[in-house]
Amino acid sequence: IDDLKRVIENLKKKNEDEKRRCESQVKEYKIASKKSVESAREKVASLQDQVETAKADFLRKIEEMKDSQSKADVAAIKEAHRKEISELVQKSNQKYRSMLNKRLDAEDQLKDDMKAAKGELAELR
């Protein structure tokens, strides 16, 4: 009977240890997820700032050129700048999509790890 009590106590201890480990993993997952979201928000804000800066520079250049360029030159400059802005937006979108895909892949991996840990915990119970 003492052996049985010892086995039961050992199983309870293992179960508690596994429970703490799983809870720790859940906490780490939540922290990592929050960091990923914050990082994504910061990158999006940075990209928005870049676009706004480029737009403001363009408008400033247009104002400067109105006095010294013909309408045809201004139209050509506007088109060139429109293309430049379009390329900048596309590059920014590609960077954001890449970052988002990496974040989603990391979250998927963390979810898979959590499922495995929960399965292990369920087996211990």
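The legends below describe an overall view and several close-up views of one predicted model.

In this predicted model, local features need pLDDT of at least 70 and side-chain atom pairs count only at pLDDT 80 or more, whereas totals for chains, interfaces and linings use all residues. Residues are numbered from 1 along each chain as its sequence is written, and side-chain values use heavy atoms, with hydrogens and water left out.

**View 1. The chain as a whole has 2 helices and 0 strands.** Helices (H or I, at least four residues) and strands (E, at least two) are DSSP runs, numbered from the N terminus. The radius of gyration, taken over C-alpha atoms, is 28 Å, well over the 14 Å that the globule rule (2.2 Å times the number of residues to the power 0.38) gives for 125 residues, so the chain is more spread out than a compact globule. Along the principal axes, the C-alpha atoms fill a box of roughly 100 × 15 × 10 Å. Buried residues, meaning those under 20% relative accessible area (exposed is over 50%, partly exposed in between; 1.4 Å probe, protein chains only), make up 15% of the 125 residues.

**View 2. The surroundings of Arg103 in helix H2 (residues 71-124).** Arg103 is buried, its relative accessible area being 16%. Once neighbours within four places in sequence are set aside, Arg103 is in contact (heavy atoms within 4.5 Å) with Ser36 and Val37. Although Lys35 and Arg103 are 68 residues apart along the chain, 10 Å separates their C-alpha atoms.

**View 3. Arg21 with its partners Glu18 and Glu120.** A salt bridge, defined as a side-chain nitrogen of Lys or Arg within 4 Å of a carboxyl oxygen of Asp or Glu, joins Glu18 to Arg21 at 2.2 Å, N to O. These two residues are 3 residues apart in helix H1, and are therefore separated by about one helical turn. Glu18 is buried at 11% relative accessible area, while Arg21 is partly exposed at 32%. Arg21 also meets Glu120 in a salt bridge, with 2.8 Å from N to O. This second pair links distant parts of the chain, since Glu120 belongs to helix H2 and Arg21 to helix H1, 99 residues apart. Glu120 is partly exposed, with a relative accessible area of 40%.

**View 4. A network of salt bridges linking Lys13, Asp17 and Arg20.** Within this network, Arg20 forms a salt bridge with Asp17, and their closest N and O atoms are 2.5 Å apart. Both Arg20 and Asp17 lie in helix H1 (residues 2-66), where 3 residues, about one turn of the helix, separate them. Arg20 counts as partly exposed at 47% relative accessibility, and Asp17 is partly exposed at 31%.
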